[in-house]
Amino acid sequence: LDLENKIEHFFEDITNFEKTKNIIENISPDYIFHMAAQPIVVKSYQNPLETINSNIIGTANVLESLRVINKKCKAVIITSDKCYENVEWEWGYKETDTLGGKDIYSGSKAGAEIIFNSYFQSFFKDNKSNSEIVTVRAGNVIGGGDWADYRIIPDCIKSWVNKKSVVLRSPNATRPWQHVLEPLSGYLCLASEMNKNPKLNGNSFNFGPSPNHDKSVLELIEKLSSYWDLGDKGYIISKEVIKFKEAGLLKLNCDKALFHLRWRPTLNYNELINFTGEWFKSFYDNEMNMFEFTIGQIEGYTELAKSRDLKWAK
């Protein structure tokens with residue numbers, strides 16, 4: 001998308017407090033959406049300290065910057081659905097459920113939530129600061145433009161464009177899949193509502209898909225692979241034993257977002273697949289301006305939300 005030439009862009013290490021603080025101080029933002037993190041579970045096994053530093057210390061650096069600068073600012077701290085102690089029950093986790101993690105990545109996200117609450121109780125509660133802070137939790141996000149290693153959709157796309165089958169290591173793992181625009185609409189909606197409702201300060205919110213989006217990895221891949229006309233050669237199921245723990249089921253209860261923000265997801269399951277498949281197919285098959293194509297998807301998503309009478313899109 002050539003975004004680095006379209007926006008004011010800084011590339012720094014989030015674990016460097018002074019540089020983080022200086023950027024925030026110089027920009028003097030009205031809103032911060034803190035998404036900087038080490039987001040890959042496999043990499044947390046390979047380099048646990050990097051994950052802990054990025055996800056816990058990096059989050060603390062943003063919060064500490066807000067504390068010392070003490071500017072009027074709304075900050076949305078993005079963590080993950082992995083912050084919950086996952087007992088793999090069939091019900092969605094609520095914002096009041098126990099935090100925890102059996103792996104380093106999950107533990108780092110729970111740690112970021114605990115640090116957030118400590119900062120809120122110590123420095124941001126009861127009008128102690130000009131800033132207001134919240135956390136948001138989402139997971140299993142897919143969509144165009146994701147090239148990260150060890151993620152199911154990028155792994156598939158990289159294989160399929162080379163006419164190769166993708167190897168599935170956990171085909172029966174069930175996930176509540178959602179398009180990236182769904183939680184982003186929730187984050188923006190929440191930031192806007194913070195201007196109207198100071199009681200949101202210090203809260204946490206889940207943003208997830210509709211319950212009927214709970215599909216296995218195999219079901220997702222079979223549907224998405226239809227864009228590449230691979231027939232039954234789209235995937236191979238691996239017989240290799242996984243060397244690290246991976247959750248079989250984790251879903252969110254989003255009633256709090258519905259009650260306080262009147263937020264709910266926009267896309268049905270087929271639309272989720274179409275938005276994702278069409279982006280990657282357009283990237284590889286057509287000489288398209290992908291910036292304009294992506295803006296078009298965002299506008300199309302917003303129009304769908306308006307047609308379905310979603311509050312944030314009005």
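**Exercise 1. Locate Asp155 in the predicted model and classify its accessibility.**

Solution. Step 1: Asp155 belongs to helix H5. Step 2: its relative accessibility is 25%. Buried requires under 20% and exposed requires over 50%, so Asp155 counts as partly exposed. Step 3: once neighbours within four places in sequence are set aside, the contacts of Asp155 are Tyr150 and Val166. Step 4: Ser165 lies 10 residues from Asp155 in sequence, and the C-alpha to C-alpha separation of the pair is 10.0 Å.

**Exercise 2. Determine whether Glu271 is buried or exposed, and list its contacts beyond four places in sequence.**

Solution. Step 1: Glu271 is placed in helix H9. Step 2: the relative accessible area of Glu271 is 15%. As the limit for buried is under 20%, Glu271 is buried. Step 3: with neighbours within four places left out, Glu271 is in contact with Thr266, Leu304 and Arg308.

**Exercise 3. Identify the buried residues of helix H7 and establish on which side of the helix they lie.**

Solution. Step 1: helix H7 spans residues 217–224, and Val217, Leu218, Leu220, Ile221 and Leu224 are buried in it. Step 2: these residues cover an arc of only 160 degrees around the axis, and therefore they lie on the same side of H7. Step 3: the elements covering them include helix H5 (152–160) and helix H9 (269–285), together with strands E4 (141–142), E5 (166–168), E9 (214–216) and E10 (235–237).

**Exercise 4. Describe the largest nonpolar core and the contacts of Ile153.**

Solution. Step 1: the largest nonpolar core has 24 residues, of which Ile153, Trp160, Leu220, Ile221 and Trp228 touch the most other members. Step 2: at least two residues of this core come from each of H5, E5, H7, H9 and helix H10 (290–307). Step 3: not counting residues up to four places away in sequence, Ile153 touches Ile142, Leu220, Ile221, Leu224, Thr276 and Phe280. Step 4: a second core, separate from the largest one, has 16 residues, among them Cys189, Ala191, Met194 and Trp263.

**Exercise 5. Name the residues of the nonpolar surface patch of about 380 Å² and characterise Met35.**

Solution. Step 1: Tyr31, Phe33, Met35 and Leu188 make the patch. Step 2: Met35 is situated in the loop between strand E1 (31–34) and helix H2 (41–46). Step 3: with a relative accessible area of 46%, Met35 is partly exposed. Patch members must have over 30% relative accessible area, a condition that Met35 meets at 46%.

Notes: Residues are numbered from 1 along each chain as its sequence is written. This is a predicted model: local features need pLDDT of at least 70, side-chain atom pairs count only at pLDDT 80 or more; totals for chains, interfaces and linings use all residues. Side-chain values use heavy atoms; hydrogens and water are left out. Buried means under 20% relative accessible area, exposed over 50%, partly exposed in between (1.4 Å probe, protein chains only). Helices (H or I, at least four residues) and strands (E, at least two) are DSSP runs, numbered from the N terminus. The arc is that of the directions from the helix axis to the C-beta atoms. Contact means heavy atoms within 4.5 Å. Patches are made of residues with over 30% relative accessible area and no salt bridge: like charges are joined within 9 Å, nonpolar side chains (Val, Leu, Ile, Met, Phe, Trp, Tyr) within 5 Å. Accessible areas come from the Shrake-Rupley method with a 1.4 Å probe; for residues, only the protein chains shown count as cover. A salt bridge is a side-chain nitrogen of Lys or Arg within 4 Å of a carboxyl oxygen of Asp or Glu. A nonpolar core is a set of buried Ala, Val, Leu, Ile, Met, Phe, Trp, Tyr and Cys residues joined through side-chain atoms within 4.5 Å.
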